[in-house]
Amino acid sequence: METGEKTRYIYLGNNINLPEFRFTKGGVYFGEKIEELIKKYPLLGKLLIDTEKLPEFDANETLLEKLTDELNEEIKGGNK
């Protein structure tokens, strides 16, 4: 990827509503806001896959669902 280009990610988890953003399964996301959200919610980094690395990625649906559930729990816990 050339300098200055933003990493593009595809979201592979189930649809999820973060307090500040909504992710839809199969959606492609990029930009500073996405990078900030990955830092804030580390599990999100496991559900967002760099589109350039997607051909190498071995999707495990059960694991992706579990990670989505864990992220939902983290969000609920943070809103108390």
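## Strands, rings and a loop leucine

In strand 4, R8 finds its bridge partner in F30. That contact is a handy way into this predicted model, since the two residues meet again through their side chains. R8 lies over the face of the F30 ring, 4.1 Å from the ring centre.

**The strands around strand 1**

The R8–F30 bridge belongs to a wider pairing. Strand 1 covers residues 8–11 and strand 4 covers residues 28–30, and the two run antiparallel over three bridges. Strand 1 also has a second partner: strand 5 (residues 48–50) pairs with strand 1, again in the antiparallel sense and over three bridges. Here I10 is the residue to look at, with I49 as its bridge partner in strand 5.

As background, side chains in a regular strand alternate between the two faces of the sheet.

**The aromatic cluster**

How many aromatic pairs does the model hold? The count comes to four. Take F21 and Y29: the ring centres are 5.7 Å apart and the planes sit at 75°, which is over 60°, so this pair is edge-to-face. F23 and Y29 have centres 4.8 Å apart and planes at 65°, so they too come out as edge-to-face. Y29 therefore takes part in both of these pairs. Ring pairs link Y11, F21, F23 and Y29 into a cluster.

Two numbers are enough to describe any such pair, namely the distance of the centres and the angle of the planes.

How well covered are these residues, and how does L54 from the later loop fare? The table lists the relative accessible areas.

| Residue | Relative accessible area | Class |
|---|---|---|
| F23 | 0% | buried |
| Y29 | 13% | buried |
| F21 | 26% | partly exposed |
| L54 | 31% | partly exposed |

With the cut-off for buried at under 20%, Y29 at 13% falls in that class, while F21 at 26% counts as partly exposed.

**L54 in its loop**

Where does L54 sit? L54 is in the loop that joins strand 5 to helix 3 (61–78). At 31% relative accessible area, L54 is partly exposed. Setting aside neighbours within four places in sequence, L54 is in contact with I10, L12 and I49. Two of those names are familiar, as I10 and I49 are the bridge partners mentioned above. L18 is another matter: L54 and L18 are 36 residues apart in sequence, and their C-alpha atoms are 24 Å apart in space.

**The whole chain**

Stepping back, the protein chain has three helices and five strands. Read from the N terminus, the order of elements is β-β-β-β-α-α-β-α.

What about the overall dimensions? The C-alpha trace spans about 40 × 25 × 15 Å along its principal axes. For 80 residues, a compact globule would have a radius of gyration near 12 Å, and the 13 Å of this chain agrees with that. Buried residues make up 32% of the 80. Of the contacts with a separation of 6 or more, 50% come from residues 24 or more positions apart. The accessible surface comes to about 5,400 Å², and carbon and sulfur atoms own 49% of that.

Technical notes
Residues are numbered from 1 along each chain as its sequence is written. This is a predicted model: local features need pLDDT of at least 70, side-chain atom pairs count only at pLDDT 80 or more; totals for chains, interfaces and linings use all residues. Side-chain values use heavy atoms; hydrogens and water are left out. Two strands pair if DSSP finds at least two bridges between them. Helices (H or I, at least four residues) and strands (E, at least two) are DSSP runs, numbered from the N terminus. Rings of Phe, Tyr and Trp (its six-membered ring) pair if their centres lie within 6.5 Å; planes under 30 degrees apart count as stacked, over 60 as edge-to-face and the rest as tilted. Buried means under 20% relative accessible area, exposed over 50%, partly exposed in between (1.4 Å probe, protein chains only). A charge sits over a ring if NZ of Lys or CZ of Arg is within 6 Å of the ring centre and within 35 degrees of the ring normal. The radius of gyration is taken over C-alpha atoms; the globule rule is 2.2 Å times the number of residues to the power 0.38. Contact means heavy atoms within 4.5 Å. Accessible areas come from the Shrake-Rupley method with a 1.4 Å probe; for residues, only the protein chains shown count as cover.
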